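Walk me through this fold, from its strands to its empty spaces. Where should a reader start, and what comes next?

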Amino acid sequence: MLEIFQIPVLNDNYIYLLHDSDVGVTAVVDPAIASPVLNMLTERNWRLDYILNTHHHSDHVGANLELKKITSCTIIGAEKDQHRIPGIDQMVVEGDQILIGQHQAIVLEVPGHTSAHIAYWFKDGAQLFCGDTLFSLGCGRLFEGTALQMWHSLQKIRRLPGQTQIYCAHEYTEANGRFALQLEPDNKRLKEAMKIIQCQRLQGLSTIPSSLQLEKQTNPFLRVDNPEFQQAIGMSDLDPVKVFAEIRQQKDKFRNVHEIT
């Protein structure tokens, strides 16, 4: 199996180190800062071969050049974002396949948070590294894209197998859950999930990865075309894009009120 190590950095970011022990190949996903990555590589006597970037924001590419200088690794990112990914070597588009050792990742274009956001889906292991497109119980803000783009991106992710593990880039789950419960207070599965999430956070534990199956039951941004959800928020029989846009705007206001980054 592909070994996956989660490295918490900054306030709430996660960097992911991926390692194929059979062939000794290692990749890092969205390195914000270099030192914790280099420390883990040194501890395990691993060589860094690849950087996988999901988008150009500084808390996802901040360590690209330093890591490349030290390790001579190959940096992979979206072709559409080549001018904004520091040190990019390999440009990818929808459907491209990359190998991390013996493990194949399929590139998914998932714009909305940014105009050229991508995700990496390891089909055999059912693991998705989705950056800031989908969060546990939430989704990314629309910095560059539109509600229509983001909804199409979320639908693309939603069509993946339910057992897919969602490796997003931030620990936002508890705050996202509070907003989700405000929208849908009678969602039994959501209430059950939040009890577990709150216990995890009280112990300082990560809530990531989440499963796509759970997200489809609890994440409001994946449920905007669900009649029960639409009825619960008083938006029955409306275009899902309009529903998405409305609750995304509500989440932005909720974020400001609660000072959530």
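**From an edge strand inwards**

Strand S13 (residues 165-168) and S14 form an antiparallel pair, held over two bridges. Within that pair, Ile166 has Ser210 of S14 as its bridge partner. The model is predicted, so local features are read only at pLDDT of at least 70.

Now widen the view. S13 and S14 belong to an open sheet of six strands, ordered S7-S8-S9-S10-S13-S14, with mixed pairing. The edges are strand S7 (97-100) and S14, and each of these pairs on one side only.

Stay with S14 and turn to the second largest pocket. Its space comes to about 160 Å³. The lining has 16 residues, and the closest to the pocket centre are Ile197, Gln200, Thr207, Ser210 and Leu214. Three elements give two or more residues each to this lining: helix H6 (188-202), strand S14 (210-211) and helix H7 (212-218). H6 contributes the most, with five residues. Ser210 therefore has two roles to follow here: bridge partner of Ile166, and one of the residues closest to the pocket centre. By class, the lining splits into seven nonpolar, seven polar and two charged residues.Thr207 deserves a closer look. Its place is in the loop between H6 and S14. Is Thr207 buried or exposed? Thr207 counts as buried because its relative accessibility is 9%, under the 20% cut-off. Its side chain makes a polar contact of 2.7 Å with the side chain of Glu171. Another polar contact, of 2.5 Å, joins the side chains of Thr207 and Thr173.

**A covered strand and its partners**

Move to strand S3, residues 25-29. Five of its five residues are buried, and the strand is mostly covered. Both faces are covered. Val25, Ala27 and Val29 lie on one side, Thr26 and Val28 on the other.

Which strands pair with S3? One is strand S2 (residues 13-20), which pairs with S3 in the antiparallel sense over five bridges. Tyr16 has Val29 as its bridge partner in S3. S2 and S3 form a hairpin, with four residues between the strands. In the turn, Gly24 has a positive phi of about 70°.

Strand S4 (residues 50-52) also pairs with S3. These two strands run parallel and are joined by three bridges. Here Val29 has Leu52 of S4 as its bridge partner. To get from S3 to S4, the chain passes through helix H1 (residues 35-44). This β-α-β crossover is right-handed. Val29 thus links up in two directions: with Tyr16, and with Leu52.

Continue along the chain past S4. His56 sits in the loop between S4 and helix H2 (58-61). His56 counts as buried because its relative accessibility is 16%, under the 20% cut-off. Which side chains make polar contacts with the side chain of His56? Asp81 makes one, at 3.4 Å. Arg84 makes another, at 3.4 Å.

**The enclosed space**

Next, look for closed voids. How many cavities of 30 Å³ or more does the structure hold? It holds one. The largest cavity has a volume of about 40 Å³. Its lining consists of Tyr14, Tyr16, Val29, Asp30, Thr54, Phe129, Cys130, Gly131, Tyr167 and Ala169. The elements that give two or more residues to it are S2 and strand S10 (127-131). S10 gives the most, with three residues. By class, the cavity lining has seven nonpolar, two polar and one charged residues.

Some of these names have come up before. Tyr16 and Val29, bridge partners across S2 and S3, are both among the cavity-lining residues. S10 has also appeared, as one of the strands in the six-stranded open sheet.

**One last buried residue**

Finish with Leu154, which is placed in helix H4 (residues 147-158). Leu154 counts as buried because its relative accessibility is 0%. How far apart are Leu154 and Arg47? In sequence they are 107 residues apart. In space they are 34 Å apart, C-alpha to C-alpha.

Conventions:
Residues numbered from 1 in each chain as written. Predicted model: local features only at pLDDT ≥ 70, side-chain atom pairs only at ≥ 80, totals over all residues. Heavy atoms only, no water. 1 Å grid on protein atoms, 1.4 Å probe; cavity = no way out; pocket = protein on both sides within 12 Å on 5 of 7 lines; lining within 4 Å. Points joined across faces, edges and corners; volume = space filled by probe spheres on them. Nonpolar A, V, L, I, M, F, W, Y, C, P; charged D, E, K, R; others polar. Buried < 20%, exposed > 50% of the residue type's maximum accessible area, 1.4 Å probe, protein only. Pairing = 2+ DSSP bridges. Right-handed = clockwise from strand over helix to strand, strands pointing away. Polar contact = N/O pair within 3.5 Å; in protein donor to acceptor, adjacent residues only side chain to side chain.
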